[in-house]
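Hi,

Here is the structure we talked about, ready for you to open. Have a look first, and then read on for what turned up in the side chains.

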Amino acid sequence: MAGRDKATNQIKEWADAQKAQDQLTTGTGAPIGDKLSVKTAGPRGPLLMEDFVFQDEMAHFNRERIPERVVHAKGAGAFGYLEITHDITKYSKAKIFESVGKRTPLAIRFSTVGGEKGSADTARDPRGFAMKFYTEEGNWDLVGNNTPIFFIRDTIFFPSFIHTQKRNPVTNLKDPDMFWDFLTLRPESMHQVSFLFSNRGTPDGYRHMNGYGSHTFKLVNDQDKAVYCKFHFKTNQGIKNLTGDTAAELSKDDPDYATRDLYNSIGDGNFPSWSFYIQVMTFQQAENWRWNPFDLTKVWPHSDFPLIPVGQLVLNRNPKNYFTDVEQIAFSPAHMIPGIEPSPDKMLQGRLYSYSDTHRHRLGSNYLQLPVNCPYMTRVRNYQRDGPQCLNDNQEGAPNYFPNSFQGPNDDAKYLEHAVHYSGEARRYRTDDDDNSTQVGNFWRQVLTADDRVHLIKNMAGNLQGAQPFIQKRAIHNFSTCDPEYGRRLEEALEKLNKVRGFTSHFWHRLVSFIVECFLNALDPWSAVC
């Protein structure tokens with residue numbers, strides 16, 4: 001039928017590919033004779049308990065849903081490969097980088113962050129950019145976003161931050177006071193907030209945005225020499241963003257806009273791709289750099305640490321089933337391979353624990369045995385056993401304790417992690433005043449165009465006007481420390497919006513009062529006519 005895209009035609013294309021219609025069965029594989037009625041005692045009698053066809057169907061239906069992700073609940077996924085085009089073995093011994101031309105299969109999931117599973121793809125929000133590389137040394141998960149920075153740099157704030165992005169616990173509504181109160185009390189958020197309220201906060205689908213590992217990581221080579229690094233994926237489709245007005249319209253007309261665009265692009269053979277780069281910083285440079293290199297609220301300027309090309313990421317296959325391939329896929333920054341290790345980045349350190357923990361809650365303790373999460377390019381051998389929904393052979397008769405004398409799998413010192421020396425008092429170190437404004441000012445003056453700045457102010461003021469006046473003043477003060485023009489223009493925009501809002505509120509109040517007065521007078525025959 002003309003005018004129907006690949007996503008709309010999916011079920012028709014599936015039917016066309018079938019050679020014959022299968023026999024319907026129960027979950028146990030038994031053939032079903034009638035699926036159009038339940039079994040009852042007579043045509044008008046009660047349902048019989050022996051109707052396993054019904055019981056099997058309804059019991060499974062009652063358990064179809066699993067907990068949605070606390071963050072990144074709404075998303076889309078695809079499969080493809082990473083091809084290495086440049087040699088970086090002097091930095092990392094990871095086999096994924098071992099030779100030019102090598103291809104490694106991967107899965108990817110794009111997402112919004114704060115919304116629920118049914119929220120709009122075009123919401124103003126960072127976008128998740130999570131990649132799972134299936135290597136012969138195990139799975140490597142690079143769990144990033146479409147921005148190189150984040151709102152906070154100390155992981156202790158993460159639960160509170162996410163609470164402010166979700167719903168008010170009493171009204172169950174999004175709350176601008178919660179949202180802006182937290183962000184303005186944590187001025188390190190200004191860099192990411194500036195990205196968010198520019199048009200970069202509403203990318204035109206998933207194909208037209210960059211991806212970043214965001215955190216600082218550590219690369220280790222085969223001589224046990226290490227450097228710090230950041231990972232970048234630059235879209236080959238070109239950056240395209242939506243204006244706030246267009247994004248709002250799409251959220252009503254096509255809330256699944258980005259999901260549909262990705263599926264149709266791959267289905268039509270227009271495979272999206274990204275160029276893969278790294279930035280490298282030596283330990284000595286990290287020691288002497290003007291900023292903390294592990295601060296997730298700051299970038300490493302390309303002028304100081306240029307991009308080094310690595311490869312091409314290509315997506316060439318849609319999921320065969322959304323639930324098994326996308327809803328059940330589980331990413332964790334803790335999933336690393338030899339040659340790639342964590343840095344002391346506080347946000348990364350917190351995520352190393354929390355992501356794997358939430359998957360065990362959401363999917364179960366054997367979530368790594370699910371096909372989409374299974375490290376199928378290698379052979380898993382360990383001393384983990386049993387647990388709910390064990391999907392493999394449970395390692396059959398191999399010993400389940402270590403050490404042992406019966407040919408159980410053994411460790412190997414060549415895979416030891418890189419040793420790092422740390423010194424200092426074990427205590428809580430606050431970073432409230434760790435230069436929260438310089439890079440934000442640079443972003444305002446040097447990165448954004450004049451038109452970008454207009455959109456940023458419009459988008460931010462339109463959202464901020466819903467917050468309390470004292471919170472608005474705090475925001476103005478914070479952004480003024482980044483650049484006086486930034487704060488001044490935000491203040492002017494808020495004043496205009498608040499005047500309009502005040503006039504409108506006063507007008508409607510007077511109009512309603514007038515109508516009520518007329519109505520009451522109409523009920524009193526002795527009153528003057530309105």
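Let's start with K35, which counts as partly exposed at 38% relative accessibility. K35 has a salt-bridge partner, E57, with N and O 3.3 Å apart. The two come from distant parts of the chain, 22 residues apart: K35 is in the loop between α1 and α2, while E57 belongs to helix α2 itself (52-61). E57 is partly exposed too, with a relative accessible area of 45%. Do keep in mind as you read that this is a predicted model.

That pair is part of a longer list, as a search of the whole structure finds 30 salt bridges. The general idea is simple: side chains of opposite charge can pair when their charged atoms come close.

Another salt bridge to look at is the one between K12 and D16, at 2.9 Å from N to O. Both residues sit in helix α1 (residues 10-17), and because they are 4 residues apart there, about one helical turn separates them. K12 is partly exposed, its relative accessible area being 46%, whereas D16 is exposed at 54%.

Then there is D204 with K240, where the closest N and O atoms of the salt bridge are 3.7 Å apart. This one also links distant parts of the chain, 36 residues apart: D204 is in the loop between α5 (190-197) and β5 (211-212), and K240 is in the loop between β7 (226-235) and α6 (244-253). Are the two partners buried or exposed? D204 is buried, with a relative accessible area of 10%, but K240 is partly exposed at 41%.

Salt bridges can also join up into a network here: R186, E188, R430 and D432 are linked that way.

Now for the rings. The structure holds 31 aromatic pairs. One of them is Y228 with F283, a stacked pair with 4.3 Å between the centres and 5° between the planes. Here again distant parts of the chain are brought together, with Y228 in strand β7 and F283 in helix α8 (residues 283-288), 55 residues apart. Y228 is buried, at 6% relative accessible area, while F283 counts as partly exposed at 29%.

If you like clusters, try selecting F97, F110, F129, F133, W140, Y206, F217, F231, F233, W274 and F276, which form one aromatic cluster.

Two arginines also have their charged ends over rings. R103 has its charged end over the ring of Y81, 4.0 Å from the ring centre. R317 does so over the ring of F79, at 4.1 Å from the centre.

Last, the cysteines. How many disulfides does the structure hold? The count is 0. As a reminder, a disulfide is a covalent bond between the sulfur atoms of two cysteines. Take C390 as an example: the closest cysteine sulfur to its own is in C374, and the two are 12 Å apart, so they are too far from each other for a bond. C390 is partly exposed, with a relative accessible area of 28%. C482, by contrast, counts as buried at 7% relative accessibility.

Cheers

Technical notes
Residues are numbered from 1 along each chain as its sequence is written. This is a predicted model: local features need pLDDT of at least 70, side-chain atom pairs count only at pLDDT 80 or more; totals for chains, interfaces and linings use all residues. Side-chain values use heavy atoms; hydrogens and water are left out. A salt bridge is a side-chain nitrogen of Lys or Arg within 4 Å of a carboxyl oxygen of Asp or Glu. Buried means under 20% relative accessible area, exposed over 50%, partly exposed in between (1.4 Å probe, protein chains only). Rings of Phe, Tyr and Trp (its six-membered ring) pair if their centres lie within 6.5 Å; planes under 30 degrees apart count as stacked, over 60 as edge-to-face and the rest as tilted. A charge sits over a ring if NZ of Lys or CZ of Arg is within 6 Å of the ring centre and within 35 degrees of the ring normal. A disulfide is a pair of cysteine sulfur atoms within 2.5 Å.
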